[in-house]
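Trainee: Let us go through this model by question and answer, starting with the ligand.
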Amino acid sequence: RQPILEIKDLKTYFYTDDGVVKGCDGVSYKVYEGETLALVGESGSGKSVSAMSILQLIPSPPGKIVEGEILYNGDNLVNYSEKQMEKIRGNDIAVIFQEPMTSLNPVLTAGYQIMEPLRLHQKLSKNKAKERAVELLKLVGIPSPEKRFKEYPYQMSGGMRQRVVIAIALACNPKLLIADEPTTALDVTIQAQIINLVEEMQEKLGMAILMITHDLGVVAETANKVAVMYCGKIVEYGRVDDIFYDSKHPYLQGLKKSMPRLDSEKVEELYVIEGMVPNPLNLPVGCKFADRCEYVMEICRKKEPEAVYFGKEHYARCFLYSDSNESE
Ligand code: SF4
Ligand code: MG
């Protein structure tokens, strides 16, 4: 089975006045049709950088893809011109961002904004595009779609706006949907509705989803596979069951302990991983989690841990599991 998207050893660096920030430092993953890969990690872990690299939306300068491949149906997007990328964005690969207002144009109606990609990519006539836009509004669960079609973003609630953004994203039947923290800006009940909507759309349309989130609840709800990122690297990768029932990396174990438990009656004090994410301009040698890790060993501060496999698709980068720590 061929993946829709395969990222191979991607390095996206930012050349700032203060030094080089390795936003994404040797990241590899695959996304398959009908499946969701969740990229999970704190802000600055590189999850958005890898996704924005796919679409060539990294501000450049200071950002640059310095190494690696981004294979979309086997074609390397790293070599694509801006013109070629314009044909891909919003057509083959669509994106939804955290804050719907950043994706929406405040001076255009919802209907017009859904019609735009249909006119541009699918070359639909005005009438056909309008028909399809109303259908899409209905599809994403917006009541009275004909009326909403004529409304401006400011006339809608945050949840409604995110539904419009999803309608725009789905307009051209993308093969891959990148969802970058799609519910973070919304209140809790609306969050669940939007996640359910995305899930439902995937079932109907069969697209692959790259779900970027810091929220393990969203991961549990949506993901088939999970990549846990820390300081620009994937520190653990596996199927969703591996991640929740057989986690290996101390960082992931800490994240799980700090997750609020919905099944618990009593209000517990939440566990917090101690310490801070290291300064990206001055990353430690060896394991980037060493300063916060309760199992840290000498070797962790000397060498970069390699991936250790626990199954065909489950690995972690941690010396606790490699034989090399014994020989050292
Ligand atoms: Fe902790 Fe060492 Fe594993 Fe890093 S490599 S997570 S410091 S035990
Ligand atoms: Mg982000």
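Trainee: How many nonpolar, polar and charged residues are in the shell around ligand 1?
Mentor: This is a predicted model, in which local features need pLDDT of at least 70, side-chain atom pairs count only at pLDDT 80 or more, and totals for chains, interfaces and linings use all residues. Residues are numbered from 1 along each chain as its sequence is written, while chains are lettered from A and ligands numbered from 1 in the order in which they are written. Ala, Val, Leu, Ile, Met, Phe, Trp, Tyr, Cys and Pro count as nonpolar, Asp, Glu, Lys and Arg as charged, and the others, Gly among them, as polar. By that split the shell has 13 nonpolar, one polar and no charged residues.

Trainee: Which residues come nearest to ligand 1?
Mentor: A residue is near the ligand if its C-beta atom, placed from the backbone, lies within 6 Å of it. Of the 14 residues around ligand 1, the nearest are C287, A290, C293, C300 and C318.

Trainee: What share of the residues of the chain is buried?
Mentor: Buried requires 20 or more other C-beta atoms, placed from the backbone, within 10 Å of the residue's own. Of 328 residues, the share that passes is 40%.

Trainee: Which helix gives the largest share of the largest nonpolar core?
Mentor: Such a core joins buried Ala, Val, Leu, Ile, Met, Phe, Trp, Tyr and Cys residues through C-beta atoms within 7 Å. The largest has 86 residues, with A167 and V228 among those with the most contacts inside it. Eight of its residues, the largest share, come from helix α7 (a DSSP run of H or I, at least four residues, numbered from the N terminus).

Trainee: What is the radius of gyration of the chain?
Mentor: The radius is taken over C-alpha atoms, and the globule rule is 2.2 Å times the number of residues to the power 0.38. The rule gives 20 Å for 328 residues, so the chain is as compact as a globular protein of that length, at 21 Å.

Conventions
Buried ≥ 20, exposed ≤ 12 C-beta atoms within 10 Å, placed from the backbone. Helix = DSSP H or I, 4+ residues; strand = E, 2+ residues; numbered from the N terminus.
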